[in-house]
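Please examine the sequence and the model shown below. The report that follows describes a helix, the nonpolar cores, ring pairs and salt bridges.

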Amino acid sequence: MKKLWRSAATTAFALGVAAIFGPAPAKADTPQYGDELRLVVGSNIPSFDAHIESTFGMIHPIRPFYSVLIRVNPDNPSSPTDFVCDVCEGTVPKATDGGTKFTFKIRKDIKFHDGTPLTAHDVKATFDKIVFPPEGIASNRVAYFRAVESITTPDDYTVVFKLKTPTGTFLPSVAMPFNFIYAKKDLDTHGYTWHQKNVNGTGAFKFAEYVPGSHVRGEKYEGFHHKGMPYLDGFTAIAAPKMSVRLQAIRGGQADIEFRGFPPKARDDLVKALGNDITVQESDWNCVLIVTPNHEVKPMDDPRVRRALSLAIDRKGGSQYLSKIAIVKTVGGIVFPGHPLAATEAELSQLAGYGNDIEANRAEAKRLLKEAGHENLKVTLHNRGVDQPYKVVGTWLIDQWKKIGVQADQWVQPSTPFYATLRSKKDFTISLDFNCQSIINPIADISKYLPGAGANYAYFQDEQLVKWYDELLAEGDEGKQREIIRKYEKRVLDDLASQFITLWWYKINPYRSYVKGWKIAPSHYLNQALDNIWIDQTEKKRQLGG
């Protein structure tokens, strides 16, 4: 087994470079052209439109067809500040006009897969859809761009973003891998929903085939704008919702890699079976499972009920148990653990559900339920039909709630209807949800908990949270940012219990060692363009024969 361990927290906040433990990797080989990558994906595709989706089930098979304005450096994906141009030229621009203006020059050598030249007008049309969506058009990350005042195109190859106030969240938000660049002509001709079922990008691979429930296939785009790439002739993304199927596919040589991550035992089983034919990379993960009560459905409109359900959860005990069988591990608040803006253990202990005396927490939970008239509460937890970690954590949560007398069961849906239910407002009472982000960008990341945010399915209003968040966006001092975040966090997790945290995830990627060029990031959304991946065909033949 070859093992590379990259700590996102260490990388971003201490060393500034990826930390690698275990045997030092061999000197980089010369990339080889040819062959295809076979990846397994543990979720179906809700739609092809990255502007409205937030699932790896879309990113992993569809991201290779598209480009973005800027992206995290694929050779240094653990860094939250190392951005490089994709469709822009040169280096990523610095802010001007007191930090309120960003000017991007667009490359002149890029064409969409249908032959249409890409210009600044395509970039503007894309970000207009994301930042200023028309009424009735969803935009999952609109809250990330609250500071944007205008987007203009002084000429055919220049895009200017004007901000209301300076903010460090802007460039990380622009670099998110969900900001696929769409052709303006497609939006104008076909409308804003066309990309949900159609693909026309400028990425390293051209869309070749989609068989729902089976696979997505892409072919090498010979006109790709990054010289010498991609190395692969193509890729096939194989749908395999069951983890056992994905593991067996890699073990049996029917697949090469799974980009999301496996639990510890699965890693150990693969390594035991295949030895040095498996490479393992591990990382902290900017992803957390949260519980989202629907405030529009009784009894979740009562903060005493919501608070009681959070108090019942033994997060520290759960970390010790679940980290052995699931892809969750770290106890934390709303900010990525280890970041300077994250709550300390002492600060967390003051919030509902984080105190060290679990019996006292549960006694208070029972008191609150009785006071609210719900001491015999029955709830159905809405959950996503993905084994890791949703169904595992969902089963654990039900057991936690039973300890305060709550009778709970699960309603599990495949990914597509799961999201439809969350967006329906009235069709669920309480649901597991997630806040999985790409770049570690806490001020933007915590917009998930903001009332009215595109991906907040708790359906409530709170002027105080909005006020504090707007203050946070305008604040440049890290110490003051931290103070605002602590108030914001306490209101979300304690005062309102509008949503609450279970555990943060931990990323483990075992894959066939003939797959080269890919580096793990603290997110399963990053480094999925596939343009830098190649296959050591000699090693593949040795492992698989043929």
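## Helix 3 and its surroundings

In helix 3, the buried residues are A120, D122, V123, A125, T126, F127, K129, I130 and V131. Buried means under 20% relative accessible area, exposed over 50%, and partly exposed in between (1.4 Å probe, protein chains only). Helices (H or I, at least four residues) and strands (E, at least two) are DSSP runs, numbered from the N terminus.

This is a predicted model, in which local features need pLDDT of at least 70 and side-chain atom pairs count only at pLDDT 80 or more, while totals for chains, interfaces and linings use all residues. Residues are numbered from 1 along each chain as its sequence is written, and side-chain values use heavy atoms, with hydrogens and water left out.

Because 9 of its 12 residues are buried, helix 3 is largely enclosed by the rest of the structure. The cover over these buried residues includes strand 6 (148-155), strand 7 (158-163), helix 4 (170-174) and helix 5 (184-190).

K129 of helix 3 also forms a salt bridge with D49, which lies in the loop between strand 2 (36-41) and helix 2 (56-62). A salt bridge is a side-chain nitrogen of Lys or Arg within 4 Å of a carboxyl oxygen of Asp or Glu. D49 has 1% relative accessibility and counts as buried; K129 is likewise buried, with a relative accessible area of 1%.

## Salt bridges

The structure holds 35 salt bridges. Three of them are listed here.

| Pair | Closest N to O |
|---|---|
| D49 and K129 | 3.0 Å |
| K316 and E345 | 3.4 Å |
| E347 and R482 | 2.9 Å |

K316 is partly exposed at 34% relative accessibility, whereas E345 is exposed at 57%. E347 lies in helix 10 and R482 in helix 16 (residues 478-495), so this pair ties together parts that are 135 residues apart in sequence. In addition, a network of salt bridges links D302, R304, E364, R367 and E371.

## Core and rings

The largest nonpolar core has 117 residues, of which L37, W401 and Y488 touch the most other members. Such a core is a set of buried Ala, Val, Leu, Ile, Met, Phe, Trp, Tyr and Cys residues joined through side-chain atoms within 4.5 Å.

There are 24 aromatic pairs in the structure. Rings of Phe, Tyr and Trp (its six-membered ring) pair if their centres lie within 6.5 Å; planes under 30 degrees apart count as stacked, over 60 as edge-to-face and the rest as tilted. The rings of F104 and F161 have centres 5.7 Å apart and planes at 80°, so the pair is edge-to-face. Both F104 and F161 are buried.

Terms used: Contact means heavy atoms within 4.5 Å.
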